[in-house]
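Let's take a friendly walk through a protein model, starting with the overall fold and ending with a few cysteines. Have your viewer ready.

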Amino acid sequence: MAILFENLVFGPIHSRRLGNSLGVNLMPTIGKICTFNCIYCECGWNPEHRNENAHLATPEEYEEALENALKELAGTPKEPDSITFSGNGEPTLHPDFPEIIDITIRLRDKYVPKAVISVLTNGTRIHDEKIFNALKKVDNNICKLDGGSLDVIEKINLPNVKINLNQYISDLQRFDGQVVIQTLFLRGNHNGEVIDNTTEEEVSLWLEHLKKIKPKKTMIYVIDRETPEKNLEKIGIEEMRKIAEKVENIGQKANFYA
């Protein structure tokens, strides 16, 4: 069963990676809008008919919703560790995303200054200078890289936009280390094709990308919720530990969540 977020600001919820996380969903509540159609996405498959005509919150509506939530949570046991952009699809697709980031920073500083601001993004819009500059302002700019080869990435993420992997790696390098890479490791089948981003060859290619990007850390994790493609395997702790060690062996920080 797909999980869709029904509110603009929701939670806080406990996150494996971000602690007490106050969620932000900039996409419509009636369905997902995303440039990827990942086989593991908890929000399910992209709808056949996109929701471009569905209501997107204005910056003013967002500011009111976030301020109300932060007023209520500040100074309580539920005060957020992170204000996290995720929700029903790709947050950077919102036309006012840069302005919304500025609003978030201002309200965070006013009400919960210890909280970090995190954006979970598939990275398909970081070539846009306005999006790139907005992501540079946040504490956790978390960009997806679910494989080492374009073939495997396309099989896992099922993009509906053209992916130039070399350009994407170059764009990630432009963050000068102020980026977190997130990778979900899995094995399985989709439409009769075997999919595996844990092979020695694939992990080696992925590590070469990390050497170029030089992220401040890499988050590697496994399937934790129901997935739209049912023929997927959750990777075990020991295997994840070995992948994390390979990251550390190239002199970089890795956190794994199994």
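What follows goes from the whole chain to its surface and charges, and then to its sulfur atoms.

Keep in mind that you are looking at a predicted model. Tracing the protein chain, you will meet seven helices and eleven strands. The chain has a radius of gyration of 18 Å, close to the 18 Å that the globule rule gives for 258 residues, so it is as compact as a globular protein of that length. Along the principal axes, its C-alpha atoms fill a box of roughly 50 × 40 × 35 Å.

How is the chain packed inside that box? Among contacts with a separation of 6 or more, 73% join residues 24 or more positions apart. Of the 258 residues, 54% count as buried.

Turning to the outside, the accessible surface of the protein chain comes to about 12,100 Å², and carbon and sulfur atoms contribute 47% of it. The chain carries 31 positive and 39 negative charges, and the mean positions of these two sets are 4 Å apart.

Now for the cysteines. How many disulfides does the structure hold? The count is zero. As a reminder, a disulfide is a covalent bond between the sulfur atoms of two cysteines. For C38, the closest cysteine sulfur is in C41, 6.2 Å away, which is too far for a bond. C43 is in no disulfide either, its nearest cysteine sulfur being that of C41 at 4.3 Å; the cut-off for a disulfide is within 2.5 Å. C38 is buried, with a relative accessible area of 6%, and C43 is buried with a value of 6%.

Note on methods: Residues are numbered from 1 along each chain as its sequence is written. This is a predicted model: local features need pLDDT of at least 70, side-chain atom pairs count only at pLDDT 80 or more; totals for chains, interfaces and linings use all residues. Side-chain values use heavy atoms; hydrogens and water are left out. Helices (H or I, at least four residues) and strands (E, at least two) are DSSP runs, numbered from the N terminus. The radius of gyration is taken over C-alpha atoms; the globule rule is 2.2 Å times the number of residues to the power 0.38. Buried means under 20% relative accessible area, exposed over 50%, partly exposed in between (1.4 Å probe, protein chains only). Contact means heavy atoms within 4.5 Å. Accessible areas come from the Shrake-Rupley method with a 1.4 Å probe; for residues, only the protein chains shown count as cover. Lys and Arg count as positive and Asp and Glu as negative; His and the chain ends are not counted. The place of a charge is taken as NZ of Lys, CZ of Arg, CG of Asp or CD of Glu.
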